[in-house]
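Here are a few short exercises to help you find your way around a new structure. Have a go at each one before you read its solution.

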Amino acid sequence: MRWVFWIAAGLIAYTYVGYVCWLRLRVLWRSRPVRRGAYTPSVSIAMIVRNEEEVLDSKLQNLLALDYPPCQIVVVSDGSTDRTEEILRVYEHDSRLKIRMNPVSQGKASGLNDGLNLADGEIVVFTDARQMLEPAAVRRLAENFADPEVGCVSGELMLGDASDGESKNGLSLYWRIEKQVRELESASGSMVGATGALYSVRRELLTTVPPGTILDDVYLPMQVVKQGKRAVFDSRARAWDIPNLGAEREFSRKVRTLSGNYQLVQLAPWLLSRSNPIRFEFVSHKLLRLAVPVALAALLLASAVLTGSFYRAALILQLAFYALSALALSHLVKRGMLARIADASGIFVLLNGAAMVALIKFVTGRRTAWR
């Protein structure tokens, strides 16, 4: 059981601390700054929507007001059953928009392929309906493509309101850590995946997305890297989203994302082969996180079984951590330092619980719904 304890502790520590430390050392040893410059290629913005009546009009107005030479805006409605298509018809005669309305939902991946067939720009920017882009977001993405080595650029997702600044809750803390990992990966090579709310790819590097693909924002950037180009992160290009969609909705969203990591290995087994130039980063960033829930359970069990003051203290600390997370998830602590610590622990448990559910879904073959 001592081996179980230390292997589990080592895996958890490497996943959340060790990998970041390794990236920092790699940046010091082999920094690869992007050679940005004034560059305004033609841009198509692709957005796939399904039942987005509450936010669609605001998002279209947001895209039309971007500080960039007129972009082509491609919108595909994937079998929407609310007022989405009614809203789109208002824009049908705007020459800046190309609209396709699929009568039956075929999934986001199929919608993306339809959108790519309509896109004419040298650069294709992908975005979702809910998040609002800052006016200069597309211009800042485009500046990175002045570097011929760059094939994909991800923007930054900010949780909060653009006027009030980023939220400080536990989920926002998780996102800040995630963005730091992507920034470090980018600074010395290529990041693993992009921010689905805002990322861009050179048109000639785009490939067909397999039907049913959950994580197009990982699949497409990894295809870019496979073709010898870099996938980089630019924190200056920002999209804003609601910081708290509710624990249940956030849990479902995370289950879907983590299920997508399992699916990626099925769709693209080359990700685990030498054909993947960033195989080590893919395993460290994406796959090891899927193993953390099992490691947490093993660590708790080993701590309960082993004797000695050290293992007893480890058990008490773990139980205290889970108690704090229970307080956060039940909203019993709302203010002060304890509330912030409890919130962070609650998010950690929620995300790892989602990883366990994703594993069960993968093993049992249950499909995840359209997001």
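The exercises below start with a helix, move to the cores and end with the aromatic rings.

Before you start: this is a predicted model, where local features need pLDDT of at least 70, side-chain atom pairs count only at pLDDT 80 or more, and totals for chains, interfaces and linings use all residues. Residues are numbered from 1 along each chain as its sequence is written, and side-chain values use heavy atoms, with hydrogens and water left out.

**Exercise 1. Find how far helix α9 reaches, and where α9 bends.**

Step 1: Locate α9 at residues 279-305, which makes 27 residues. Helices here are DSSP runs of H or I with at least four residues, strands are runs of E with at least two, and both are numbered from the N terminus.

Step 2: From first C-alpha to last, α9 covers 36 Å, close to the 39 Å expected at 1.5 Å a residue. That expected span is 1.5 Å times one less than the number of residues.

Step 3: Go to leucine 288, where α9 bends by about 45 degrees. The bend is the angle between axes fitted to the seven residues ending there and the seven starting there.

**Exercise 2. Work out which helix gives the largest nonpolar core its largest share.**

Step 1: Get the terms straight. A nonpolar core is a set of buried Ala, Val, Leu, Ile, Met, Phe, Trp, Tyr and Cys residues joined through side-chain atoms within 4.5 Å. Buried means under 20% relative accessible area, exposed means over 50%, and partly exposed is in between (1.4 Å probe, protein chains only).

Step 2: The largest core holds 43 residues, and Phe126, Val201 and Met222 have the most contacts inside it. Its largest share, six residues, comes from helix α7 (residues 216-226).

Step 3: Look at α7 itself: ten of its eleven residues are buried, so the rest of the structure largely encloses this helix. Among the buried ones are Tyr219, Leu220 and Met222.

Step 4: Skip the neighbours within four places in sequence, and methionine 222 touches Val192, Gly193, Trp270, Leu271, Asn276, Ile278 and Phe282. Contact means heavy atoms within 4.5 Å.

Step 5: Just past the helix, α7 is followed by glycine 228, with a positive phi near 95 degrees.

**Exercise 3. Decide how the rings of tryptophan 6 and phenylalanine 310 are arranged, and where they sit in the chain.**

Step 1: Rings of Phe, Tyr and Trp (its six-membered ring) pair if their centres lie within 6.5 Å; planes under 30 degrees apart count as stacked, over 60 as edge-to-face and the rest as tilted. The whole structure has 13 such pairs.

Step 2: For tryptophan 6 and phenylalanine 310, the centres are 5.7 Å apart and the planes are at 15 degrees, so the pair is stacked.

Step 3: Tryptophan 6 is in helix α1 (residues 2-29) and phenylalanine 310 is in helix α10 (residues 309-329), so this pair links parts of the chain 304 residues apart.

Step 4: Tryptophan 6 is partly exposed at 46% relative accessible area, and phenylalanine 310 is partly exposed at 47%. Both belong to one aromatic cluster with Phe5 and Tyr311.

**Exercise 4. Is glutamine 318 buried or exposed?**

Step 1: Find glutamine 318 in helix α10.

Step 2: Its relative accessibility is 11%, so glutamine 318 counts as buried.

Step 3: Beyond neighbours within four places in sequence, glutamine 318 is in contact with Leu296, Leu299, Leu300 and Ser303.
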